[in-house]
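Reader: Before we look at any contacts, could you take me through how one reads a model of this kind, feature by feature?

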Amino acid sequence: MVGWRMKFVFLLVIYFAGFATAVYFIAPTPREGRASPLRKDRLGGSVDSRELACAMNAGMHKAADLSKELAIRASVLIRERVKEFQAREKQGIGKK
């Protein structure tokens, strides 16, 4: 069981993490004269928004199909395990 002190420390950590995140987002960005690792002028001409949207759409559909397939496999495995467990329970009850 977690005491009130542990809960208080946890809430303080969460609070200050949120505060640090807010400060990070509110902080001003570097000036344009400085060399930034990600320059917007280079990205603008090299990325086609339609191609990016199509690639993202295709990736999302692949991920959705994969998750459906994995969910079906998992449900089949769970059903098999439940049947095995029920069969063992019936055998165990019959022996007593």
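Author: Let us begin with burial, keeping in mind that this is a predicted model. Of the 96 residues in the protein chain, buried residues make up 0%. The accessible surface of the chain comes to about 9,900 Å², and 65% of that surface belongs to carbon and sulfur atoms.

Reader: How many helices and how many strands are there in the protein chain, and in what order do the elements run from the N terminus?

Author: The protein chain holds 3 helices and 0 strands, and from the N terminus on its elements follow the order α-α-α.

Reader: How should I read the charged side chains, and how many salt bridges does the count come to?

Author: Side chains of opposite charge can pair when their charged atoms come close. In this structure the count comes to 2 salt bridges. In one of them the side chains of Glu69 and Arg73 meet, at 2.7 Å from N to O, while in the other Glu84 and Arg88 meet at 3.9 Å, N to O, which is still within the 4 Å that the rule allows.

Reader: Where do Glu69 and Arg73 lie in helix α3, and how are they separated?

Author: Glu69 and Arg73 are 4 residues apart in helix α3, which spans residues 49-95, so they are separated by about one helical turn. Glu84 and Arg88 are likewise 4 residues apart in helix α3, and therefore also separated by about one helical turn.

Reader: Are the residues of these salt bridges buried, partly exposed or exposed?

Author: Glu69 is partly exposed, with a relative accessible area of 38%, and Glu84, at 38% relative accessibility, also counts as partly exposed. Arg88, by contrast, counts as exposed because its relative accessibility is 55%, and the cut-off for exposed is over 50%.

Reader: Turning to the rings, how many aromatic pairs does a search of the whole structure find?

Author: The search finds 2 aromatic pairs. Tyr15 and Phe16 form an edge-to-face pair, with 5.3 Å centre to centre and 75 degrees between the planes. Tyr24 and Phe25 form an edge-to-face pair as well, with 5.5 Å centre to centre and 80 degrees between the planes; planes over 60 degrees apart are what the term edge-to-face requires.

Reader: Which class of accessibility do Tyr15, Tyr24 and Phe25 fall into?

Author: Tyr15 counts as exposed at 53% relative accessibility. In the other pair, Tyr24 counts as exposed at 63%, and Phe25 counts as exposed at 64%.

How values were computed. Residues numbered from 1 in each chain as written. Predicted model: local features only at pLDDT ≥ 70, side-chain atom pairs only at ≥ 80, totals over all residues. Heavy atoms only, no water. Phe/Tyr/Trp six-rings, centres within 6.5 Å; stacked < 30°, edge-to-face > 60°. Buried < 20%, exposed > 50% of the residue type's maximum accessible area, 1.4 Å probe, protein only. Helix = DSSP H or I, 4+ residues; strand = E, 2+ residues; numbered from the N terminus. Areas by Shrake-Rupley, 256 points an atom, 1.4 Å probe, with all protein chains shown as cover.
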